[in-house]
Amino acid sequence: MIKDFAVTPFTMYFDLKNGMTDEKSTTKRYLSNMNGMFADNEALKEMIKEEDILAYEFYELSLPEKDSNLLFGTSIVYPGKVGNEYFMTKGHFHTILDTAEVYYCLSGKGYMLMENPEGDWAAEELTPGKAVYVPGRYAHRSVNVGDEPLVTFFVFRSDAGHDYGTIETKGYRKLIIEKDGKVEIVDNPKWKS
């Protein structure tokens, strides 16, 4: 068990299939934490009335916020849809905008949806064994398009911070939805420039 996150060598166990560890608690995001994130807010409200489902959870270490330290952890996005839009993480820019991040898919199937302030965007497929490089200046969110949890391992500099507010205000330019049984990437009608 890690007692002190001083800058000394340590190990931490993560299960390769489900991303879980007994060494730390996760941060949990239920559907009620995702208000305004999905295109169909009415469908979200109805789902929450029925049951406030856990959409995703993640482990993130607490290390001193220095550019010489790396934070890492796992993210677990559960399967499901709000309307026709797949469950996803909120997504964020880094407070230090030029910070890059790497995600490695351990299990499941999904996409890393990314966009920068200039309007460039990308959606990279995540399947077991694939690593996705998220360049600096790109907001990013994991989207689960499969029937099992999408589990990724991530790493980024510990002083990078998280800017969720921009995404909460503007949304993403693109949505990943199911249409006729297939994954489609479409324009977000609610995106604000």
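**View 1. A cavity with about 190 Å³ of space inside.** The largest cavity holds about 190 Å³ of space. Lining it are 17 residues, and those closest to its centre are Phe58, Thr89, His92, Tyr103 and Tyr164. Keep in mind for this and every other view that the model is predicted. A search through the whole structure, with a lower limit of 30 Å³, turns up one cavity.

**View 2. Who lines the cavity.** Several strands chip in here: S2, strand S6 (101-107), strand S10 (139-144) and strand S11 (150-157) each give at least two residues to the lining of the largest cavity. The largest share, three residues, belongs to S10. Sorted by character, the lining of this cavity has six nonpolar, seven polar and four charged residues.

**View 3. An open sheet built from six strands.** Follow the strands across and you get the order S1-S2-S3-S11-S6-S9, with antiparallel pairing. At the edges sit strand S1 (27-30) and strand S9 (131-134), each of which pairs on one side only. From one strand to the next, the twist averages 20°.

**View 4. Strand S3 and its two partners in the six-strand sheet.** On one side, strand S3 (residues 70-77) pairs with strand S2 (residues 54-58), antiparallel, through three bridges. To find this pairing on screen, look for glutamate 57, whose bridge partner in S3 is isoleucine 76. S3 also pairs with S11, again in the antiparallel sense, and here there are eight bridges. A handy landmark for that pairing is glycine 73, which has phenylalanine 154 of S11 as its bridge partner. How much of S3 is buried? Seven of its eight residues are, so the rest of the structure largely encloses this strand. While you are looking at strands, a general point helps: in a regular strand, side chains alternate between the two faces of the sheet.

**View 5. A second open sheet, this one with three strands.** The order here is S8-S7-S10, and the pairing is antiparallel. Strand S8 (121-126) and S10 are the edge strands, each pairing on one side only. Neighbouring strands of this sheet are turned by 20° against each other on average, ignoring direction. Zoom in on strand S7 (residues 110-115) and you'll see it run antiparallel to S10, with six bridges joining the two. One spot to look for is tyrosine 111, whose bridge partner in S10 is valine 143. You have met S10 before: it is the strand that gives the largest share of the lining of the largest cavity.

**View 6. Helix H1 and its two faces.** Which residues of helix H1 (residues 41-50) are buried? They are Asn41, Ala43 and Leu44. These three span an arc of only 155° around the axis, so they end up on the same side of H1. Now look at the face turned away from that buried side: there you'll find the exposed residues Glu42, Lys49 and Glu50.

**View 7. Asparagine 33, in the loop before H1.** This residue sits in the loop between S1 and H1. Is asparagine 33 buried or exposed? Neither label quite fits: its relative accessibility is 32%, and because buried means under 20% and exposed means over 50%, asparagine 33 counts as partly exposed. Look across to lysine 90, too: it is 57 residues away from asparagine 33 along the chain, yet their C-alpha atoms are separated by 8.8 Å.

**View 8. The largest pocket.** This pocket contains about 170 Å³ of space. It has 14 lining residues, and Glu60, Leu61, Ser62, Leu63 and Leu71 are the closest to its centre. The lining of the largest pocket breaks down into five nonpolar, six polar and three charged residues.

**View 9. The second largest pocket.** Its volume is about 150 Å³. Of the 15 residues lining this pocket, Gly36, Glu168, Lys170, Gly171 and Lys190 lie nearest the centre. Helix H2 (residues 165-170) makes the largest contribution to the lining, with four residues. By character, the lining of the second largest pocket consists of six nonpolar, four polar and five charged residues.

Methods: Residues numbered from 1 in each chain as written. Predicted model: local features only at pLDDT ≥ 70, side-chain atom pairs only at ≥ 80, totals over all residues. Heavy atoms only, no water. Pairing = 2+ DSSP bridges. Axes fitted to C-alpha atoms, helices over the stretch in contact; angles between N-to-C directions. 1 Å grid on protein atoms, 1.4 Å probe; cavity = no way out; pocket = protein on both sides within 12 Å on 5 of 7 lines; lining within 4 Å. Points joined across faces, edges and corners; volume = space filled by probe spheres on them. Nonpolar A, V, L, I, M, F, W, Y, C, P; charged D, E, K, R; others polar. Buried < 20%, exposed > 50% of the residue type's maximum accessible area, 1.4 Å probe, protein only. Arc of directions from axis to C-beta.
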